[in-house]
Amino acid sequence: MTVNEAIEYTDSVKPNGYASDIKLRWLNEAEGFVQSEIMEVNTSDIKKYTESDMSKKLLVPEPYSCLYSFYMMAMIDFMNGDFDKYENSSQAYNNALRSYAKLYVRKKGNG
C-alpha cells in the first residue's frame with residue numbers, strides 16, 4: 001500500500017473534512033510507531049513521508065497495512081469528539097498493530 005492509497009482509502013470509507021497534510025501527519029505517526037516500537041528504529045532515524053512521497057510504499061505489508069487507515073480513522077473520530085467511534089477505531093488499530101508485531105517478531109526470529 002502506498003501513502004496515497006492509505007489516505008484515499010480512509011477518505012472513501014470515512015468521509016471527512018481534514019486536509020491531506022493532516023492525514024499525512026497521522027500516517028507518519030502510525031508509521032513512526034511501527035518503526036520505533038516494532039522495528040526498534042532509533043527515534044532520530046524514523047522515516048517520515050512528505051507530500052512528494054505519496055506514491056511511496058509504506059513499510060507494513062498487506063494484509064496488515066490496514067493499521068494505517070484504522071489509525072487515521074481513530075484520529076478523525078477523536079478530533080470530531082466522537083469518543084465511542086474513537087474507541088472502536090482505536091481497538092481495530094491496536095489489534096492490527098499487535099498482529100503485525102507478532103508477524104514481525106516471528107519473521108525476525110527465523111532470520
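# Reading a four-helix model

Visitor: Is Ser-89 buried or exposed, going by its relative accessible area?

Guide: Ser-89 has a relative accessible area of 11%, so it counts as buried, the cut-off for buried being under 20%. Keep in mind that this is a predicted model. Ser-89 sits in helix H4.

Visitor: What does Ser-89 touch, leaving out residues up to four places away in sequence?

Guide: Phe-70, Met-73, Ala-74 and Asp-77 are the residues it touches. One of these partners also makes a polar contact: the side chains of Ser-89 and Asp-77 are joined at 2.7 Å.

Visitor: Take Ala-74 from that list. Where does it lie, and is it buried or exposed?

Guide: Ala-74 belongs to helix H3. Its relative accessible area is 3%, so it is buried. Setting aside neighbours within four places in sequence, Ala-74 contacts Tyr-86, Ser-89 and Ser-90. A C-alpha distance gives another view: Ala-74 and Trp-26 are 48 residues apart in sequence, with 9.8 Å between their C-alpha atoms.

Visitor: Let me step back to the whole chain. How many helices and strands does it have?

Guide: There are four helices and zero strands. In sequence order the pattern is α-α-α-α.

Visitor: How do I read the radius of gyration of the chain?

Guide: Set it against the value for a compact globule of equal length. For 111 residues that value is near 13 Å, and the chain has 14 Å, so the two agree. Along the principal axes, the C-alpha atoms fill a box of roughly 45 × 30 × 25 Å.

Visitor: What percentage of the residues is buried, and how much area does the chain expose?

Guide: Of the 111 residues, 39% count as buried. The exposed area is about 6500 Å², with carbon and sulfur atoms supplying 51% of it. As for contacts with a separation of 6 or more, 67% are between residues 24 or more positions apart.

Visitor: What is the general idea behind a nonpolar core?

Guide: In soluble globular proteins, nonpolar side chains tend to be buried together. Here the largest nonpolar core has 26 residues, and Val-3, Leu-27, Leu-58, Leu-67, Tyr-68 and Tyr-100 touch the most other members. Two or more residues of this core come from each of H1 (3–13), H2 (20–38), H3 (66–79) and H4 (83–109).

Visitor: Which residues does Leu-58 touch, not counting those up to four places away in sequence?

Guide: Its partners are Met-1, Thr-2, Val-3, Ala-6, Leu-27, Glu-31, Tyr-49 and Tyr-68.

Visitor: Which residues of H1 are buried, and how are they arranged around the axis of H1?

Guide: Val-3, Ala-6, Ile-7 and Thr-10 are the buried ones. Looking down the axis of H1, they fall within an arc of 95°, so they line one face of the helix. Their cover includes H2 and H3. One of them, Thr-10, has a relative accessible area of 0%, so it is buried. Thr-10 is in contact with Ser-69, Met-72, Met-73 and Ile-76, leaving aside its neighbours within four places in sequence.

Visitor: How do neighbours in sequence compare along H4, say Ala-101 and Lys-102?

Guide: Read each one separately. Ala-101, in helix H4, has 22% relative accessibility and counts as partly exposed. Its C-alpha atom lies 18 Å from that of Thr-43, which is 58 residues away along the chain. Lys-102, also placed in helix H4, is exposed at 55% relative accessibility. Between the C-alpha atoms of Lys-102 and Ile-38, 64 residues apart along the chain, the separation is 9.1 Å.

Visitor: What backbone geometry is usual?

Guide: Most residues other than glycine have a negative phi, and most peptide bonds are trans. Glu-40 is not a glycine, yet its phi is positive, about 60°. Glu-40 lies in the loop between H2 and H3 and, with 59% relative accessibility, counts as exposed. The peptide bond joining Glu-62 and Pro-63 is cis, with omega about 0°. Pro-63 is also placed in the loop between H2 and H3.

Note on methods. Residues are numbered from 1 along each chain as its sequence is written. This is a predicted model: local features need pLDDT of at least 70, side-chain atom pairs count only at pLDDT 80 or more; totals for chains, interfaces and linings use all residues. Side-chain values use heavy atoms; hydrogens and water are left out. A nonpolar core is a set of buried Ala, Val, Leu, Ile, Met, Phe, Trp, Tyr and Cys residues joined through side-chain atoms within 4.5 Å. Buried means under 20% relative accessible area, exposed over 50%, partly exposed in between (1.4 Å probe, protein chains only). Contact means heavy atoms within 4.5 Å. The arc is that of the directions from the helix axis to the C-beta atoms. The radius of gyration is taken over C-alpha atoms; the globule rule is 2.2 Å times the number of residues to the power 0.38. Accessible areas come from the Shrake-Rupley method with a 1.4 Å probe; for residues, only the protein chains shown count as cover. A polar contact is a pair of N or O atoms within 3.5 Å; within protein, one must be able to donate a hydrogen and the other to accept it, and residues adjacent in sequence count only if both atoms are side-chain atoms.
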